[in-house]
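Welcome to a short guided tour. Please open the model in your viewer and keep the selection panel at hand.

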Amino acid sequence: MSKSPSPYDSLRHIPLSYDNTDSRNSALNLILTLRPDWKETQDTIDFVRFTDGITNTLLKAVNKRPGLSKTEIDEDAILLRAYGKGTDVLIDREKETRSHCLLARHELAPTLYARFDNGLLYKYISGSACAPADLRRPEVWRGVAQRLGEWHATLPISSISTTCPAPSQLTPHNKRASLATMAQLTPGKSVPNVWTTMQKWIQALPTSTTAQQDRRDLLMRELESLTKMLGDTPGIGGSNPFIFAHCDLLSGNVIIEPSPSSAAASRRSSASSGSEEPETAASVSFIDYEYATPAPASFDIANHFAEWGGFDCDFSVLPTRHVRRAFLREYLQSFSTHQNRTYKETELEELFDQVDRFRGVPGFYWGIWALIQAQISQINFDYASYAEVRLGEYRAWMREISGEREAAGEQMPIREKRWAQEE
């Protein structure tokens, strides 16, 4: 029996590339290949560049044909996302496409139209991308918690992973280097996953100097230690320890969808009355699924909390214990509703503790990522400094949980102090 084509293979492929040095012409060629009916009105095609990310190029293609309202123009708009140069070492593009197709089937992602040599074309979602400050607004974080609970409760990981055999079960026939190393790191678990992703990234780091080799070896030892410490974290209510995680819920990947005027008025009313936590939750959606992979729910949530400070890593605005608990209550209510179950208060406390234990892992994850970007990226961003800040988060956390910082009589760093703050 012939094997059915994968979503990646069955998705239309346009054999063209986007060229940042000839942005409009290369983008126009892609759009007109996808939408030949736009050729007669190509003079009214316009491109809007979004600059929220620091890896990819994201353009919104609109055709401002006479007689159409802004809503009608946006309804027909197309997003063009071109990958940053060299990012294939970081991202499995086929897995990203499978993730996008799965999400679209669950109505959690826009329709995917086509892939091209260095990117994707998909339907535009109306709404506004968040800034870091927006993530801290109660109605927004409530919406994020609800949507994330739906993701984790409903999306199967089987379409983007496979169960890795234990090392002892690997035969000479299937003992490929990558599978063998993944099996040793997370035996018997779904792969790839967030731990094996970090393993792959560390293995891709340069080793041309002794200092680089020493650093890579240290990071690998630290990863193995982290995996032993946190790799068996149980899932919610005894469910699968891995869920379908976004793994990149920074502000620009959270879209606030248009809401009815009545709901907006309700939010304004609540805010003006001095209420800190309006009852209304914003309707949000998540975009950009290139890092989506099986991971503990606690990692995905802790990673999102880390993004409240934005690329500037403003640790003073991370959520306090009170806000984290309120977020997790909203998340668990959504998660349980989508699994037709009722959560217990003990599950809230367990998840709260798990997220607390994972608080330093995002710094390790993005620190490694930034070390690679510093080698390959052509974007004007100081990845090397960003790597040191994020790895610094991780090391401060390690010194805190080991007691080393307290034993040295040093002050608690601001990130750890904020994380321990109650209100």
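The domain bounds used on this tour come from an automatic or database domain assignment. Keep in mind as well that this is a predicted model.

**Stop 1: the largest pocket**

Start by colouring domain 1 (13-123) and domain 2 (128-163 + 186-259 + 280-420); each of them gives at least three residues to the lining of the largest pocket. To centre your view on this pocket, select Thr57, Ala82, Tyr83, Gly84 and Lys85, which lie nearest its centre among 33 lining residues. The volume here is about 680 Å³.

Which elements should you show around the largest pocket, each supplying at least two residues of its lining? Turn on strand 2 (45-50), strand 3 (57-63), helix 4 (93-105), strand 5 (112-116) and strand 6 (119-123). If you colour the lining by class, you will find 16 polar, 10 nonpolar and 7 charged residues.

**Stop 2: the enclosed spaces**

Now look for cavities: there are 2 of 30 Å³ or more in the structure. Select Gly235, Ile236, Asn240, Pro241 and Ala297 to reach the largest cavity; they lie nearest its centre, and 13 residues line it in total. Helix 11 (297-306) and helix 13 (345-357) are the elements that give two or more residues to that lining. The volume of the largest cavity is about 70 Å³. How does its lining divide by class? The lining has 8 nonpolar and 5 polar residues, with no charged ones.

For the second largest cavity, select Pro234, Gly235, Ile236, Gly237, Glu347, Glu350, Leu351 and Gln354, which line it. Its volume is about 40 Å³. In this lining, 2 residues are charged, 3 are polar and 3 are nonpolar.

**Stop 3: a sheet and a helix across it**

Next, display strands 7, 11 and 12, an open sheet of 3 strands in the order 7-11-12 with antiparallel pairing. Which strands sit at the edges? Strand 7 (128-129) and strand 12 (284-286) do, each pairing on one side only.

Zoom in on strand 7 and strand 11 (residues 254-256), where 2 bridges make the antiparallel pairing. Pick Ser128 here, and you will see Ile256 of strand 11 standing opposite.

To finish, add helix 6 (residues 138-154), which lies across strand 11 and strand 12. Rotate until you can compare directions: helix 6 runs at about 50 degrees to strand 12.

Methods: Residues numbered from 1 in each chain as written. Predicted model: local features only at pLDDT ≥ 70, side-chain atom pairs only at ≥ 80, totals over all residues. Heavy atoms only, no water. 1 Å grid on protein atoms, 1.4 Å probe; cavity = no way out; pocket = protein on both sides within 12 Å on 5 of 7 lines; lining within 4 Å. Points joined across faces, edges and corners; volume = space filled by probe spheres on them. Helix = DSSP H or I, 4+ residues; strand = E, 2+ residues; numbered from the N terminus. Nonpolar A, V, L, I, M, F, W, Y, C, P; charged D, E, K, R; others polar. Pairing = 2+ DSSP bridges. Contact = heavy atoms within 4.5 Å. Axes fitted to C-alpha atoms, helices over the stretch in contact; angles between N-to-C directions.
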